[in-house]
Amino acid sequence: MTTILEARAITKAFHDDGASRRPLDEVDLRVERGELVTILGRSGSGKSTLLGILGGLDRAFTGSLELFGRDVRRLTDDELARLRHERIGFVFQAYHLLPHLDVIQNVLVPTLFGLPRRDDRRRARDLLERLGLGDRLADRVSVLSGGQRQRVALARALLCDPELLLCDEPTGNLDSETSHEIVELFGELVRRDHLTIVAVTHSDELARAGTRSLRLDDGRLVELPHEEAR
Ligand SMILES: Nc1ncnc2c1ncn2[C@@H]1O[C@H](COP(=O)(O)OP(=O)(O)OP(=O)(O)O)[C@@H](O)[C@H]1O
Ligand SMILES: [Mg+2]
């Protein structure tokens with residue numbers, strides 16, 4: 001087994017306006033290659049905060065985090081940026097797309113930060129077709145619906161063939177049929193391409209398709225028995 005991610009005693013606190021919050025209190029999590037781990041938890045429980053840390057976007061925490069066997073705190077900013085770019089795909093809760101670019105340009109954004117490969121455009125088109133957006137390639141993102149934007153963000157995260165995909169509610173805005181297709185796609189990516197996925201989700205279907213389900217509660221991650229995830 002190859003360990004993709006190992007978090008130990010991750011603690012994160014925010015102090016503002018005199019108030020102090022600690023959404024993450026000594027969180028431990030280890031994820032092996034090919035796992036699909038889902039994370040549940042009430043609104044405000046710290047799921048997005050955790051995902052940002054696991055993806056190397058936020059290093060202001062205590063505890064330790066290894067990604068692909070490397071201690072993220074020992075990496076320079078450039079090394080960490082490269083690791084994220086080459087090996088991690090991230091789907092943000094708020095998508096973070098560029099509204100004035102069209103769909104395919106948004107999916108191709110990662111190629112601006114690395115060496116573009118000859119088949120990037122074809123790959124972007126294939127992904128978008130697979131995600132049901134094949135007829136929207138030239139539309140500006142600002143005219144798309146929430147669920148369509150969510151799928152563009154997913155295509156962008158998958159473009160560089162990441163080894164680890166981190167998703168913040170990837171099916172949150174989708175109807176049950178489209179959401180079912182995303183769950184199928186995730187299953188296929190995990191089985192066929194050995195992609196590793198950590199997804200914050202309230203979807204029972206996605207949780208059932210996963211290898212493990214966890215709940216973030218009171219700053220701790222609790223493993224759920226598989227049936228309870230339903
Ligand atoms: N940048 C920040 N500054 C101060 N507090 C923050 C910041 N980001 C998050 N928090 C606080 O940390 C807690 C967890 O927030 P987080 O966004 O991780 O929750 P969440 O579980 O993703 O919620 P949701 O399901 O609504 O997306 C909240 O109480 C929030 O107010
Ligand atoms: Mg969130």
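How many nonpolar, polar and charged residues make up the shell around ligand 1? In this predicted model, the shell divides by class into two nonpolar, seven polar and five charged residues. The residues surrounding ligand 1 number 14, and the closest are Ser43, Gly44, Lys47, Thr49 and Gln93. Strand 1 (3–16), strand 2 (19–32) and helix 1 (47–54) each contribute at least two residues to this shell, and helix 1 gives the most, with three residues.

Several polar atoms of the protein lie at short listed distances from oxygen atoms of ligand 1, as the table sets out.

| Residue | Protein atom | Distance to an oxygen atom of ligand 1 |
|---|---|---|
| Serine 43 | polar side-chain atom | 2.6 Å |
| Serine 45 | backbone N or O atom | 3.2 Å |
| Lysine 47 | side-chain N or O atom | 2.7 Å |

Taken alone, ligand 1 exposes 630 Å², and the protein buries 65% of that area.

The second ligand is a magnesium ion (ligand 2), whose protein donors are Ser48, through OG, and Gln93, through OE1, at 2.0 to 2.3 Å from the ion. Because serine 48 lies in helix 1 whereas glutamine 93 lies in the loop between strand 6 (88–91) and helix 3 (103–107), the pair ties together parts that are 45 residues apart in sequence. Serine 48 has a relative accessibility of 32% and therefore counts as partly exposed; glutamine 93, at 44% relative accessibility, likewise counts as partly exposed, since that class covers values from 20% to 50%. Glutamine 93 is thus a donor to the magnesium ion and is also listed among the closest residues to ligand 1.

Definitions and conventions: Residues are numbered from 1 along each chain as its sequence is written. Chains are lettered from A and ligands numbered from 1 in the order in which they are written. This is a predicted model: local features need pLDDT of at least 70, side-chain atom pairs count only at pLDDT 80 or more; totals for chains, interfaces and linings use all residues. Side-chain values use heavy atoms; hydrogens and water are left out. A residue is near a molecule or strand if one of its heavy atoms lies within 4 Å of it. A polar contact is a pair of N or O atoms within 3.5 Å; within protein, one must be able to donate a hydrogen and the other to accept it, and residues adjacent in sequence count only if both atoms are side-chain atoms. Accessible areas come from the Shrake-Rupley method with a 1.4 Å probe; for residues, only the protein chains shown count as cover. Helices (H or I, at least four residues) and strands (E, at least two) are DSSP runs, numbered from the N terminus. Ala, Val, Leu, Ile, Met, Phe, Trp, Tyr, Cys and Pro count as nonpolar, Asp, Glu, Lys and Arg as charged, and the others, Gly among them, as polar. Donors are N, O and S atoms within 2.8 Å of the metal (3.2 Å for Na, K and Ca); water is not among the atoms, so sites may look incomplete. Buried means under 20% relative accessible area, exposed over 50%, partly exposed in between (1.4 Å probe, protein chains only).
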